[in-house]
Structure formats: structure tokens, C-alpha cells
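Work through the exercises below with the structure in view. Try each task before you read its solution.

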There are 2 protein chains.
Amino acid sequence: MKKKIVETKLYKINKKVKFESGVEFGPITVAYETYGTLNENKDNAVLVIHALTGTAHAACYNSEEDKKPGWWDDLIGEGKAFDTNKYFIISTNILGGCSGTTGPSSINPETNKPYALSFPVFTIEDTVKVQKELLDYFGIKTLYAVAGGSMGGMEAIQFTISYPDMVKSAILIATTSRLSPQAIAFNAVGRNSIISDPNWNNGNYYENTEKPDRGLSNARMIGHITYLCEEAMYNKFGRKLQNKNHYDFNFDIDFQVESYLQHQGQIFVDRFDANSYLYITKAVDYFDPAKKYGSLQNAFKDTNAKFLVISFDSDWLFPSSQSKEIVNTLMQLDKDVSYCEIKSSCGHDAFLLEYEVQSKIIKSFLNEHIKEKSFEI
Amino acid sequence: MKKKIVETKLYKINKKVKFESGVEFGPITVAYETYGTLNENKDNAVLVIHALTGTAHAACYNSEEDKKPGWWDDLIGEGKAFDTNKYFIISTNILGGCSGTTGPSSINPETNKPYALSFPVFTIEDTVKVQKELLDYFGIKTLYAVAGGSMGGMEAIQFTISYPDMVKSAILIATTSRLSPQAIAFNAVGRNSIISDPNWNNGNYYENTEKPDRGLSNARMIGHITYLCEEAMYNKFGRKLQNKNHYDFNFDIDFQVESYLQHQGQIFVDRFDANSYLYITKAVDYFDPAKKYGSLQNAFKDTNAKFLVISFDSDWLFPSSQSKEIVNTLMQLDKDVSYCEIKSSCGHDAFLLEYEVQSKIIKSFLNEHIKEKSFEI
């Protein structure tokens, strides 16, 4: 089958955007991809939002040489859950990222050097504001749906709160309205790992040959432990040794799980910027609409979206109880909300793996929604 | 009340001990403390074994100036669970440790330099062998009980297997017969954190002013996350900010949980050796009697001890299911085993915190045992 090629495009927000911290920052370039066609009424747009270290490349291939398609290719395409025959799907790289959108590794036009730590600390609200600018550029006033897993789900939540009249439906997958102290702790140790790498050099490493790869790799390894659950680890590795039957009695890798984590850490540093990791995890830690608006009820009170909430029973990073809290709050507010807890042994990673059941649920949610709104496609 | 002072003593094993790896290593100095009096028959000895980073100092005070007593002082003393009026309690620092017993930071008499990585990789079986040497020195042929939490519990298990005729009873608390892949993963990332600290210098840092403190501190932070459970973290910190009401919008500490972990990391480096951390976690990862003896049944088949197994329902590092596996195996073998799962919100740390209920259970287990054996005190 011929590979469907899509290009990552850039849109420049040629003004300053006011961040939650009070800082005004700009210009900001947003990397994005689109799939499908925007209809005449411009009301068939679906915004899909990536997780912690994702990119705008959500579906198709960027080139004939690409071995893997985008991160949600199983869900986005003709006849798939996010059906490109019906919807105009937009995916952007997050503010502060390192895959096209302006972040700490981008060149500050005023100094001609990378921003590094002069990049302002931002919040999930700010990341959503930046995506809204892109939608404005497209002339999109109505978002048929916003969907995201993990951090992407937080942004989807924030979209329904920040732009209540714009968002018609929201699909929140394996997400939370605020990190548990344990999840904050994991992020904090990951950041500490980067910051304590001497090559981090207070964020100024872009012109050096030695980057804070060891710190970043370690942070990624910690993250990966939280993405898998105990059962997934047993299924994947158990206590199996790496290419041997006996212990080595040294400090090389003995177990397969060690080898897996080390590999994940190593390949990560080639595609991700250490400073971006600091900024984005901080934004995730800060996300807490209940704190900002007084309560979760208050946060959701003016939303007009129809919600679909999906969680996975083996996800211990953002456990089902956190999804249920969102669902219960929405029900108390008499909002239109559907909830599904999917049985899975994949842990938090399930949102990127359990496609079949997710496809069905999302497809039916979006179809029902079409009927109700009788929107034109 | 006057502080009860105890001295940490040293015993030198003046020969080579054969390790599981095949290496013969010695001499080995063992740091130990004792509480109570060894009876004439020398059959009232109880060996208590510390967890990952503990010391021989299990009870009383080492000096008038000490603010805190030993790590199990709530359980060891006159009238306490390990009653010094009845038992002769022995506690040693683990082989490879850094609190008196020979470890990688000790001076190699052949080179007059610290062993560093020339120290042999050892196993839990080896640590038990070393403790057995100390018991031999005391002329103790019967161990009335061996007791330990976490890693100490693994050593207690190994004691019943290595010296089946010596051990009359074993108290296994918050422990496991083998680490899950997730627990191995946490240890591996901790080790990686140390090894990737440039100050680690392939283990040769003892003569340098800069030690691998950042790596070791990070490893300790990771460990601490696993010692607390989600509920304990909520109770202790929640999402409370550290001495402020608003986010700082920088990379300083925002949350109390971050401050706690950083503090734990910082104080740890003053008392622990990075190389010891590598060796001891490796021994813990390697512990797997089912692998060594073919099955857990086979491992326990010749044991003669009466067992008490205690686990805590909120312990996710060594969950109750792992204790139950031990209990079920012992029951299948028709061994004398009692099991108690204690409700607690303290996670793995519970074995160092939930004294009241543990005291009662251990006291009654040991007393019953005395009656049965009608041993002389």
C-alpha cells in the first residue's frame, strides 16, 4: 500500500501571547499537521493533542522513508475513529516542545541564541491558548471535538474550560484533572536528574558537544516505569535475563527490563530536548483547575462540551479513580458525559496500544454526536 | 529517662569466605551490636537484620548525644517484642555496607586503598554466610529467631534455607522471595543515576573532594517514592506547596513532596556510600531462591523454622501477594506458618512505622514458640 505522506507545517503567531504567569511572550511558531478537509462551515474540525513527549505528527508518514506512521495513526484516517472522510483533524506540537513549536531550544530572535532558561515557564492553559491561535488562523470557530491522552487529555480539559462555547465535544483518555503527589514526585526526580547532570550547565548546553544526555535518559527511564504497570512488566520481561542464563556478577545489564529501560533512555535523547522536558513536566505538575477555579465543579461549570472519558484499569500513573472524579463532577453539573473504563494489562501506555476498543468507543461517540448536531459533512 | 548506651563492635573474620560467584574473599570485618544476654545453652539468640541502607545500630543509643535510638528500638528492649530480658539480640551491618562491615569503601589491606569496584559482587546468600560466621564466633548453634523487614526479610528467608537446622523461627516482614521486574527497574534506574554521575569515576572517588552525591541523592529519591504509597503521599503532602500559596514559575521547589524528596536525598549522601548502594541493590535484584533451587517449594523444602510472615496492604514495592506466595508455598510443604496482613496507609515504610500491631504479633509469636520449645531463659 502506498504510504500517505503528510507535511508538518509551521504557523507563526506574530504577536505576544500573555501567559498565565503574567509574562507576554512571542512570536511563537506552531508546528502542525492536518488530515482530512475543513468543510465550508468550518465546523468539522477535530483537535487531537499529543502526550508528554509527542509531536505534531499524529498520522500518516512524513516521507516515503519513514518506517513508522504518526503516533495515533491507528485512530486517524479514512474510516478510522477520527475519520478523515468526515473530519478535519489538526494536531500541533506543544508550546515549549522541541519538534517545531517554539521552545527553550528555539532561537530567540532578539539574541540570536537559544532561549534556554530565558524561555518563560508556561502552563497547560498557555499551551491551549497557543493552539487556539492556530484555530483562529484557520477561521475555525467551532471545534467539533478535542481529544487527547495523558497530558493531551489535560489540554483537552483545559480547552473545554478556556473556550466553553467553542468546544462541542471532548475526549479525555487516560488523563487527570491534577497529578497525584506521587506523579509529581516522579516528575520532580526526572527533572532533578537532568538538572544535576553537569552537562546541563544551567540550561546552556546547546552550543556544547556534550549535552545532558545522561540526566535526560535517566528521567526517561523513570517515566517509562510509570507508563507500564506491574502486570505489563511481568508480561513483557518478568525476571528474564538479557541474552544469558546466569548472573554476570558485575554492574552490566543482567535483566531484560534493565536493557529495555536503558534502550528507551538512549533513543530518547536523540529526539528530545532536556530543557523542553523540564518545562513540559512543570506545566503538567502545575495543572490543577480545581485549585485555579476554587473547585473542579467551578472549573467545569460553564463548559458546553459533551464529554467522553476513557480510563484503563491498570493505569497507576493516572488511575481510573481520577477519571471517575472528573465524570462524577460533570454528572453533578448535569453535563453530558459518557465514561468507559477499559480492561487492559498495558498500564498507562494503554492509550497508545489498545486501539481496537478505543476505536469503537470513539467512533460511536463521534457518530452519535453527529446525529445530534446534524452537522454537515 | 537515662539513655541506654550500646557500642557497635567489630568482629574480624580472619579468613577467606567463598562467595556465590566463586570468588573467595576476606578478611571481612563485621560491625554488630547486641542487646540482652546470651543464656548458658546459647539458644536464646535472635538475629535481627536491617533493610537496604540500615546499620548494625538497631536499638538503644550509641552515645548520650544521640537524638535518635536505633532503627528498631520500638521493638527491641525490656518488655518489648524482642524482649532483652529473654533474648540475646544480635544485629549486624550487611556485607558490602558502609557502616562498619567491610564494603567497597573499606581499605583493601593488600593495596592500602579502598576496594571500590574491585570488591566482589555478592549475593544475599553471601551476606547470610558472613552473619553465620559471627554467630559461630559467639558459639551460637541455634538461632531462636531470625527477623527482618524488606531486604532484611530476604536475608531471613535465606537463613532458613542456608542453615535449616540452625534456625528455629523466622519473622519475614514486608519482604519478598524475589523482586518484581518493576522493583528491579527502580533499582536499575537508581544505579544508572549513580553510574552516570561523572564524579562516580568508575567507582574511584574516595580520594576526591567531589563525590557522586548527585547521582546517589537521585537514587535515594527514586527509592523513597517506592517506600511511600499513594495514600501516604496524599496524607503527608497532597499537592500542598512548600511555604507559599502560588506557583513560582521557575524550576525551584514548588511542592512539599519535592522538598521532602530532595531533603531525603541530601541527608542520605552524608551517611551512605554510592558504591555500597550499587552492590547492595544488585544483591537484592539477584535474590531469587526459586531460580536457584528450581522452585520456591524446593528452596523451602528442608527448612525447619516456624514462620511468621507479615505484610502491609498498602505496600506496592513488595505487595502482599508476594508474601502470600511464600505463605502458600510453606503451607503446601506442611511447614508451620502464620501470616498476617496489616492494614496500613504507610506503604512499604510501614514495617518501620506500624510498631504497635507488629509488637503484639511478634511478641505472641515468640512467646508461643517459647512454650512449645520450653526453652530456658
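**Exercise 1. The sheet of chain A**

Find the order of the strands in the open sheet of chain A, and name its edge strands.

Solution. Step 1: eight strands form this open sheet, in the order 1-4-8-5-11-12-13-14, with mixed pairing. Strands are DSSP runs of E with at least two residues, and helices are runs of H or I with at least four, numbered from the N terminus. Two strands pair if DSSP finds at least two bridges between them.

Step 2: look for strands that pair on one side only. These edge strands are strand 1 (9-13) and strand 14 (337-342) of chain A.

Step 3: check the twist. Neighbouring strands of this sheet are turned by 20° against each other on average, direction ignored.

The model is predicted: local features need pLDDT of at least 70 and side-chain atom pairs 80 or more, while totals for chains, interfaces and linings use all residues. Residues are numbered from 1 along each chain as its sequence is written, chains are lettered from A and ligands numbered from 1 in the order written, and side-chain values use heavy atoms, without hydrogens and water.

**Exercise 2. One strand pair and the helices on the sheet**

Determine the sense in which strands 11 and 12 of chain A pair, then find what packs on the sheet.

Solution. Step 1: strand 11 (residues 143-149) and strand 12 (residues 169-173) of chain A run parallel, over four bridges. A:G148 has A:L172 in strand 12 as its bridge partner.

Step 2: helix 2 (residues 151-162) of chain A lies across strand 5 (45-49), strand 11, strand 12 and strand 13 (306-312) of chain A. Helix 2 of chain A runs at about 150° to strand 11 of chain A. Axes are lines fitted to C-alpha atoms, for helices over the stretch in contact; angles run from 0 to 180 degrees between N-to-C directions.

Step 3: helix 10 (residues 320-332) of chain A packs on the sheet and touches strand 12, strand 13 and strand 14 of chain A. Contact means heavy atoms within 4.5 Å.

**Exercise 3. A single residue**

Is A:N108 buried or exposed?

Solution. Step 1: locate A:N108 in strand 9 (residues 107-108) of chain A.

Step 2: A:N108 has a relative accessible area of 12% and is buried. Buried means under 20%, exposed over 50%, partly exposed in between (1.4 Å probe, protein chains only).

Step 3: list its contacts. Beyond neighbours within four places in sequence, A:N108 is in contact with A:K113, A:P114 and A:Y115. The side chain of A:N108 also reaches the backbone nitrogen of A:E110 at 2.9 Å.

Terms used. Polar contact = N/O pair within 3.5 Å; in protein donor to acceptor, adjacent residues only side chain to side chain.
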